[in-house]
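Notebook open, model loaded. I wanted to go through the packing and jot down what turned up.

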Amino acid sequence: MQWDDPPDADTLRRGVSLAADDALMAHGLRRLEINLRTDDRIGRRAVHAAGFRLEGIKRRYVRIDGEEVDVALYARLAEDIVYGERGFTSVMDSVLPTKRLIAHALLRDESGRLLYLSTNYKNDWELPGGVAERGESPRTAAEREVAEELGIEVPLSRVLVVDWLPPYQGWSDAIEFIFDGGVLTPAQVESIRLQQSEITDLHWTDVEEASGHLQPAIAERLRIAVAAIDGSDPVPTEAGRPLA
């Protein structure tokens with residue numbers, strides 16, 4: 001949708017809602033799509049009110065007045081709940097920002113050394129763990145990743161650190177949880193089988209010896225996590241720095 005003159009917001013909202021209801025409820029259509037310029041606030045509010053959910057941004061998708069502009073792709077299905085509280089929250093869930101959730105496990109051997117992994121997709125070492133799936137809790141994500149990467153199941157206990165990670169090398173910002181995985185027994189260490197598709201090696205060492213293989217913020221975050229092992233509360237940090 002686009003127009004030369006900004007439409008009246010209420011008129012546009014009612015028009016889009018009535019047209020969508022008629023197409024999906026009275027004429028049996030299963031899906032409607034609307035493309036809107038990302039800077040069209042009036043239009044986007046109208047499609048929100050009509051129950052359309054944001055499915056993505058098409059970058060530099062159309063040329064308008066000689067300028068390549070981004071457009072937002074919205075869609076509404078016949079079975080979507082549109083009205084009432086559930087309809088509103090479903091639309092807002094598609095529109096509002098989301099953050100990646102990362103969960104790692106701090107695992108130690110009987111000498112107190114930490115377990116780090118080398119991967120085939122980055123130079124830095126990292127703890128066992130990874131990105132949570134949609135709807136997956138941080139603890140469940142960390143335990144799943146440990147099982148996938150090490151081939152062993154390790155029940156994780158409390159959270160040591162909750163860190164906000166700023167945007168980095170093309171990644172958007174994220175939230176990271178570091179869980180205490182406790183001390184692995186010699187039998188558990190012996191039974192480790194590395195995930196062949198991603199993990200290339202493992203390393204047992206302390207934070208200081210590993211710091212040359214870690215980003216500075218990650219090394220600082222791990223120092224805080226190790227110090228928190230004997231504490232009782234998780235430590236909140238931002239970019240590896242404790243909150244004052």
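**Aromatic pairs**

I searched the whole structure for aromatic pairs and got two. For the pair Y116 and W125, I noted ring centres 5.8 Å apart and planes at 40 degrees, so I put it down as tilted. Both Y116 and W125 turned out to be buried. The other entry is F177 with F179, and this pair is stacked, at 6.2 Å centre to centre with 15 degrees between the planes. I should say here that this is a predicted model.

Next I asked myself why F177 counts as buried. Its relative accessibility is 18%, and the cut-off for buried is under 20%, so F177 makes it into that class. F179 comes out at 2% relative accessibility, so F179 is buried too.

**Strand β5**

Y116 made me look at β5, which spans 114-119. How many of the residues of β5 are buried? I got six of the six, so the strand is largely enclosed by the rest of the structure. I then checked the two faces separately. On one side L114, Y116 and S118 are buried, and on the other L115, L117 and T119 are buried, so I noted both faces as covered.

Which strand is joined to β5 by six bridges? I found β9, running antiparallel to β5. For T119, I traced the bridge partner in β9 to I199.

**Cores**

I pulled up the largest nonpolar core and found 20 residues in it. L107, L150, V154, F179, L184 and I192 have the most contacts inside this core, so F179 from the stacked pair shows up here again. I listed the elements that supply at least two residues each: β4 (100-108), β5 (114-119), α4 (138-150), β8 (174-183) and β9 (199-205). The largest share is from α4, with four residues.

I took L107 as a test case and left aside its neighbours within four places in sequence. L107 is in contact with R113, L114, L115, P128, L150, V154, G181, G182, L184 and W204. Apart from the largest core I found another one, of 17 residues, with L114, V161, A210 and A228 among them.

**Domains**

Last, I looked at how the chain is divided. I have domain 1 down as 9-95 and domain 2 as 100-242. How far apart do the C-alpha centres of domain 1 and domain 2 lie? I got 40 Å.

Notes
Residues are numbered from 1 along each chain as its sequence is written. This is a predicted model: local features need pLDDT of at least 70, side-chain atom pairs count only at pLDDT 80 or more; totals for chains, interfaces and linings use all residues. Side-chain values use heavy atoms; hydrogens and water are left out. Domain bounds come from an automatic or database domain assignment. A nonpolar core is a set of buried Ala, Val, Leu, Ile, Met, Phe, Trp, Tyr and Cys residues joined through side-chain atoms within 4.5 Å. Buried means under 20% relative accessible area, exposed over 50%, partly exposed in between (1.4 Å probe, protein chains only). Contact means heavy atoms within 4.5 Å. Two strands pair if DSSP finds at least two bridges between them. Rings of Phe, Tyr and Trp (its six-membered ring) pair if their centres lie within 6.5 Å; planes under 30 degrees apart count as stacked, over 60 as edge-to-face and the rest as tilted.
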